[in-house]
Structure formats: C-alpha cells, structure tokens
Amino acid sequence: MDLIKPLITLLAIVNPLAIVPFFIHYTQEYNERQRRRTAWISAFSAFVVIAISALLGLQLLGFFGISIASFQVGGGLLLLISSLNMLNAQPAEAKTNKEEIRATEVKASLGASIAVVPLTIPLLTGPATMSTMVIYAEKTRHLWEMAVLVGYGVVIGLATGIAFSLAEPIARVLGKTGINVMTRLMGLILAALAVEVMADGLGKLFPILGRTAP
C-alpha cells in the first residue's frame, strides 16, 4: 500500500480550513469555552468516523456482497464529484441547504451541540471520506499498515481541532479568497486521485482495459 496517498486524499477531502467559515457561523453565539469544546468534539468525532470506516468498511461490503472493484469505481466517482464541489470553492462533503443551516442556527442558539451534526457529519466526514478509507483499507496487507491508516485519523482529528481552535485568526489571515484558493487546489489534487482510484477499479472489473498493445 502506498502510505502517502491515503493521507493526501484525506487532507484534501476533509480540508478543515474550508469548514472554518461554517464553524465560525454556527458558533457565533458560543462563549470561548463552548467554542473550544465544540472544536475538539468535532475533531474526535472525525477520527472515530475515519477509524470505523477503515476497520469495519470491508466487512460491510462483504455483508452486502459488493466487490471492492465495484466499490472503487463508485467511490472514485464520489470522490470526483466531491472534487468538483471543491473546484467551485465548496466543501467536499457539504450538503447543507438554507433550511438545514437555519435549523442548525436554532439548535446552536438553544445550547445544543453541533459538533457531530452538522460539523463532523456531513461537513467534515461523509460518504467520500468513508469510501476513501474502505478503498485504502483493502490495499493493506499487514496489521501495521492498518494501524497507519487509523493513525491518519488521529492526524486529521488534530488538524481539525487546531484549525477550529484557531478559526478566527485563520479567517483573518487567509480571508475568504485565501480559503477558496486552497479549497480549489485541494480539489484539483483530489480529482487526480479520484481518476486513479476509478481506473484501478475499472482495470479489475474489465481486465482487457489493463492490457497494453503489443
């Protein structure tokens, strides 16, 4: 298993910097303690989603009788769609509409936690993140490689916690334009990785595609 690609893909998809404006918006009525607590609960929740996807994803595919090749094609297509969202300066996993945003604002104003929904799911980690972990988990051949994948969840969790904890300084320094540029750059990287994942899956489903002309 290539040990670098999973981390790059995860960073591109989760991209906590792109979620910073959402975090600021949803927590504008919070005090500093509540904001910090929300940041680290989101970070831990993101790690849990990534770890569970890596450890149990393949078992779920087996239960439903889905081949990894088919999942690679479907997951790659999902990553490609996510990359198109990012190229339009939108978070990869964002699916919130105006009604959902308003409901979350009301929830936050009442003191309810928004750390897991919608910050972690679907904004930080959603179907694209889960698909990525399952695809790379299938490529592991040793226990230590699986441990590395789960460890990447820790890296993503720490990056998320730090980004959210420093949300306001980051927003001031980068501004909306800087965040949009970084999101588009991550989207371009993710698009290339998505094509590679789909090509690998198609090669398994249709071996003739992998043959080279004599």
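This report describes the two largest pockets of a predicted model and the residues that line them.

**Largest pocket**

The largest pocket has a volume of about 300 Å³. Its lining is made up of 15 residues, and those closest to the pocket centre are Ala18, Pro21, Phe22, Ala89 and Lys176. Two helices, α2 (16-26) and α9 (167-205), each supply at least two residues of this lining. The most comes from α9, which gives 6 residues. By class, the lining of the largest pocket holds 9 nonpolar residues, 5 polar residues and 1 charged residue.

**Second largest pocket**

The second largest pocket has a volume of about 180 Å³. Among the residues lining the second largest pocket are Val49, Ile52, Leu56, Leu60, Phe64 and Phe71, as well as Met130, Ser131 and Val134. Ser53, Gly57 and Leu61 also belong to this lining. The elements that contribute two or more residues to the lining are α3 (32-64) and α7 (127-138). Of the elements, α3 gives the most, with 8 residues. The lining of the second largest pocket divides into 9 nonpolar and 3 polar residues, with no charged residues.

**Summary table**

| Pocket | Volume | Element giving the most to the lining | Lining by class |
|---|---|---|---|
| Largest pocket | about 300 Å³ | α9, 6 residues | 9 nonpolar, 5 polar, 1 charged residues |
| Second largest pocket | about 180 Å³ | α3, 8 residues | 9 nonpolar, 3 polar, no charged residues |

Conventions:
Residues are numbered from 1 along each chain as its sequence is written. This is a predicted model: local features need pLDDT of at least 70, side-chain atom pairs count only at pLDDT 80 or more; totals for chains, interfaces and linings use all residues. Side-chain values use heavy atoms; hydrogens and water are left out. On a 1 Å grid over the protein atoms alone, a cavity is a set of points where a 1.4 Å probe fits but cannot get out, and a pocket is an open set with protein on both sides within 12 Å along at least five of seven lines; lining residues have an atom within 4 Å of a point. Grid points are joined across faces, edges and corners, and a volume is the space filled by probe spheres set on the points. Helices (H or I, at least four residues) and strands (E, at least two) are DSSP runs, numbered from the N terminus. Ala, Val, Leu, Ile, Met, Phe, Trp, Tyr, Cys and Pro count as nonpolar, Asp, Glu, Lys and Arg as charged, and the others, Gly among them, as polar.
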